[in-house]
Amino acid sequence: MSLVIASIDIDAPMEDVWDTVMDPARMREWVTIVDRIDRIDPGPIRPGFRMSQTLHLRGVPFKVHWTLEDLDAPRYARWEGSGPARASAVTENRLSERNGCTHFDYRNEFRTPFGPLGAAASRVIVGGIPEKEANASLRRLKEI
């Protein structure tokens, strides 16, 4: 298992940040590893909502299928994803008000395929890239 945690303060109302973060059509604007959104359920965001994305790390594209498992708008969302070769991920977005700004806490826990051997290979091949990309994504979001 690998864990990425990042946070940022954004000088914007929490509802505005939430609307941007939770709009699947806008994810390419701020999430640095999103190549494209392949499929989005119709209708509003709600528990059970699904989307599929093509992501990339180190130039390698891969698809992830996400389901929104928990939602407490505009404060919390928990997505569960499945990727190639039984890789999986859980992403949590937490928003709170802090000193007149919106504080955004991001957490991503992912399991690579092939158990401990896959996890060891991932650390060697991917290294600190997920954390760097998470921080770059949050900086992009702040610019928006």
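In this predicted model, helix 1 (residues 14-21) lies across five strands, namely strand 1, strand 4 (60-72), strand 5 (76-82), strand 6 (88-98) and strand 7. The direction of helix 1 is at about 160 degrees to that of strand 6. The sheet to which these strands belong is open and has seven strands. Two aromatic pairs are also found in the structure.

**The sheet as a whole**

- Strands of a sheet pair through backbone hydrogen bonds, and the pairing is either parallel or antiparallel.
- In this sheet the pairing is antiparallel, and the strands follow the order 1-7-6-5-4-3-2.
- Strand 1 (2-10) and strand 2 (34-40) form the edges, each pairing on one side only.
- On average, neighbouring strands of the sheet are turned by 20 degrees against each other, with direction ignored.

**Strand 1 and strand 7**

- Strand 1 runs antiparallel to strand 7 (residues 101-111), and nine bridges join the two.
- Val4 has Asn108 of strand 7 as its bridge partner.

**Strands 4, 5 and 6**

- Seven bridges connect strand 4 with strand 5 in the antiparallel sense, and Leu71 is placed opposite Ala77 of strand 5.
- The link from strand 4 to strand 5 is a hairpin of three residues.
- Strand 5 also pairs with strand 6, in the antiparallel sense and over seven bridges.
- Opposite Arg78 stands Glu92, a residue of strand 6.
- Five residues lie between the strands in the hairpin of strand 5 and strand 6, where Ala85 takes a positive phi near 55 degrees.

**Aromatic pairs**

- A pair of aromatic rings is described by the distance of the centres and the angle of the planes.
- The structure holds two such pairs.
- Trp30 and Phe104 have ring centres 6.3 Å apart; their planes stand at 65 degrees, so this pair is edge-to-face.
- This pair links distant parts of the chain, since Trp30 belongs to helix 2 (residues 27-30) and Phe104 to strand 7, 74 residues apart.
- Trp30 and Phe104 are both buried.
- Phe49 and Trp79 form an edge-to-face pair because their planes are at 80 degrees, with the ring centres 6.3 Å apart.
- Distant parts of the chain are linked here as well: Phe49 sits in the loop between strand 2 and strand 3 (50-57), and Trp79 sits in strand 5, 30 residues apart.
- Phe49 has a relative accessible area of 1% and is therefore buried.
- Trp79 is likewise buried, its relative accessible area being 4%.

Note on methods. Residues numbered from 1 in each chain as written. Predicted model: local features only at pLDDT ≥ 70, side-chain atom pairs only at ≥ 80, totals over all residues. Heavy atoms only, no water. Pairing = 2+ DSSP bridges. Helix = DSSP H or I, 4+ residues; strand = E, 2+ residues; numbered from the N terminus. Axes fitted to C-alpha atoms, helices over the stretch in contact; angles between N-to-C directions. Contact = heavy atoms within 4.5 Å. Phe/Tyr/Trp six-rings, centres within 6.5 Å; stacked < 30°, edge-to-face > 60°. Buried < 20%, exposed > 50% of the residue type's maximum accessible area, 1.4 Å probe, protein only.
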